[in-house]
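Biologist: I've got the sequence and the fold open side by side. Can you walk me through it?

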Amino acid sequence: MTPTTAGIVGIGVLLLLFVLKFPVAFSMALVGFAGFAYLMGFNPAVGLLAQDIFETFSSYPLSVIPMFILMGNFAYASGISQRLFNTAYAWVGHFRGGLTIATVLACSGFAAICGSTAATAATMGQIALPEMKKYGYDDKLATGTVAAAGTLGILIPPSTIFIVYGIMTEGSIGKLFISGVLPGAILTLFFVLTVACLCIRHPELGPPGEPVPWARRFRAFSGIVEAVVLFAVTIGGLFLGWFSPTQAGAIGAGGALLIGAGRRQISWRGFLDSCKEGLRTSCMVLLIITGATLFGHFMAVSTIPFMLADWIGGLPLPPMAIMGVIIFVYFLGGFFMDSMALVVVTIPIFFPLVMKLGFDPIWFGVIIVLVAEMGVITPPVGVNVFVIKGIAQDIPLHVIFRGIFPFLGGLIVLTLLLMIFPQIATYLPSLISY
């Protein structure tokens, strides 16, 4: 086989492994190793495998990932997520659809100290779904809201995908984090409006909860102080250049642990469980990066990325139309690949072309995250949907998938707004001097 043919076969095998539910990291590593060995020889492939594993797990820039993941785990164990939901519920729970609106707002707040879409969905699902079932909320609305709002975890900083994108493109992780603030706030508003519109048209979907006295509403604000402080210290410190991303994650993790200890809500068992879960998740992410790096080397020697980039770049279309084609490719890829894997595999292909077309790398990073968000809630992969299914086991999978479709509109509209007004993503980063 020619290198190009071998590359096409490799992509086909990779997609087949994804469909068969083979672990994403090992799928990419297996296909990447086998393909590289076929084209370049077995011994060079073994050497490449050892090199990629060592460089990934010993990379200092990638150490930011476990720090922010640990911060999210400590925040959950400290009860911050529950207090965020209680505060949001105190203010909006008495409206129709109020519990789902509270869930969106709580997801937005927890995303600011988590960085993972699946963790945000799982955390808020465990808190909000029982409450919505108690008040007779429609299953589609309840599960769809949690799955969709969980995607805020990779847009509102800190975000693991922004971290990986910044490392791969040698960009500023601090600027990438800041770039997600305004889009994240707008997307939160769109999700809230989606819930409100659905409940106005169909009031039976989200019955109102019990009203909360005004005095209790104001007291509830104390529940968000910790999250605001953690966000201000970590992201604010990055914005002001006080410390590096890894230091910010470590400070945030330490702060979340101190909050839990101060409130006496995190036990030794909770501490150990948080560390174990953080280690497990971090290893999963690093293995995905390692596998994608191997697969990327295979793609490089197959010449497919260069041929694809030349083909797209040579289309008789204006740059924004070519960007539309790239976004559509990402959208389709999200149907079959994990969001992290999709980003890691495709960045080496499309990023040079995007720079050649004159687009801002920070803006492109936000666009990629938005399209990746669509991938985590759309079939057949839909990681967040499967996370919610694991929590609400009595609700059929197709019901949850039907519930997410109204929220896709918000993601699509925000993507279009960013293409028309890129300043939504680039204004805040432009204020940073480093």
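**Helix contacts, cores and odd backbone spots**

Modeller: Let's begin with one helix pair: V64, I65, F68 and I69 in α4 meet T160, I163 and V164 in α9. Keep in mind that this is a predicted model.

Biologist: How do the residues of the contact of α4 with α9 divide into nonpolar, polar and charged?

Modeller: Ala, Val, Leu, Ile, Met, Phe, Trp, Tyr, Cys and Pro count as nonpolar. V64, I65, F68 and I69 on the α4 side meet T160, I163 and V164 on the α9 side. The split is 6 nonpolar, 1 polar and no charged.

Biologist: And are α4 and α9 roughly parallel or roughly antiparallel to each other?

Modeller: Helix α4, residues 64-77, packs on α9 with the axes 10 Å apart and at an angle of about 170 degrees. Angles over 145 degrees count as roughly antiparallel. The pair is therefore roughly antiparallel.

Biologist: Moving to the start of the chain, how are α1 and α2 oriented?

Modeller: Helix α1 covers residues 3-19 and helix α2 covers residues 24-40. They pack at an angle of about 160 degrees, and their axes are 10 Å apart. Because the cut-off for this class is over 145 degrees, α1 is to α2 roughly antiparallel.

Biologist: Which handedness does the crossing of α1 and α2 have?

Modeller: It helps to see who is involved: P3, A6, G10, V13, L14, L17 and F18 of α1 meet V24, S27, M28, L30, V31, Y38 and L39 of α2. By class, that contact has 12 nonpolar, 2 polar and no charged residues. As for the crossing of α1 and α2, it is right-handed.

Biologist: What about α5 and α7, what is their orientation?

Modeller: Helix α5 (residues 80-92) and helix α7 (residues 117-134) have axes 9 Å apart and an angle of about 40 degrees. Roughly parallel would need an angle under 35 degrees, and roughly perpendicular 65 to 115. That makes α5, relative to α7, oblique.

Biologist: How many nonpolar, polar and charged residues are in the contact of α5 with α7?

Modeller: α5 passes α7 in a right-handed crossing. S81, Q82 and F85 of α5 make the contact with T123, M124, I127, A128 and E131 of α7. By class that comes to 4 nonpolar, 3 polar and 1 charged.

Biologist: Now the inside. Which residues touch the most other members of the largest nonpolar core?

Modeller: That core has 137 residues. Helix α18 (residues 339-356) gives it the largest share, 12 residues. The members touching the most others are I326 and F364.

Biologist: What is I326 in contact with, leaving aside its neighbours within four places in sequence?

Modeller: Contact here takes heavy atoms within 4.5 Å. With the sequence neighbours set aside, the partners of I326 are I312, F350, L353, V354 and F364.

Biologist: Which residues does the second, separate core include?

Modeller: This one has 7 residues and is separate. Among its members are A29, F36, A37 and A45.

Biologist: T290 caught my eye. Is it buried or exposed?

Modeller: T290 is in helix α15. Not counting residues up to four places away in sequence, it touches D52, I53, T56 and F57. Its relative accessibility is 6%, and the cut-off is under 20%, so T290 counts as buried.

Biologist: How far apart in space are G382 and D338?

Modeller: G382 is in the loop between α19 (361-375) and α20 (383-391), and it is buried, at 0% relative accessible area. Beyond four places in sequence, G382 touches G375, V376, I377 and F401. In sequence G382 and D338 are 44 residues apart, while C-alpha to C-alpha the distance is 8.2 Å.

Biologist: On to backbone oddities. Which residues does the cis peptide bond join?

Modeller: Most peptide bonds are trans. The cis one here has an omega of about 0 degrees. The second of its two residues is found in the loop between α8 (139-149) and α9 (160-169), and the bond joins P157 and P158.

Biologist: What phi does E170 have, and is E170 buried or exposed?

Modeller: E170 lies in the loop between α9 and α10 (173-179). Its phi is positive, about 55 degrees, although E170 is not a glycine. With a relative accessible area of 76%, E170 is exposed.

Biologist: And R264, buried or exposed?

Modeller: R264 lies in the loop between α14 (245-262) and α15 (268-302). R264 is not a glycine, yet has a positive phi of about 55 degrees. At 79% relative accessibility, R264 counts as exposed.

Notes: Residues are numbered from 1 along each chain as its sequence is written. This is a predicted model: local features need pLDDT of at least 70, side-chain atom pairs count only at pLDDT 80 or more; totals for chains, interfaces and linings use all residues. Side-chain values use heavy atoms; hydrogens and water are left out. Axes are lines fitted to C-alpha atoms, for helices over the stretch in contact, and angles run from 0 to 180 degrees between N-to-C directions. Helices (H or I, at least four residues) and strands (E, at least two) are DSSP runs, numbered from the N terminus. A crossing is left-handed if the near helix is turned anticlockwise from the far one by less than a right angle, and right-handed if clockwise. A nonpolar core is a set of buried Ala, Val, Leu, Ile, Met, Phe, Trp, Tyr and Cys residues joined through side-chain atoms within 4.5 Å. Buried means under 20% relative accessible area, exposed over 50%, partly exposed in between (1.4 Å probe, protein chains only).
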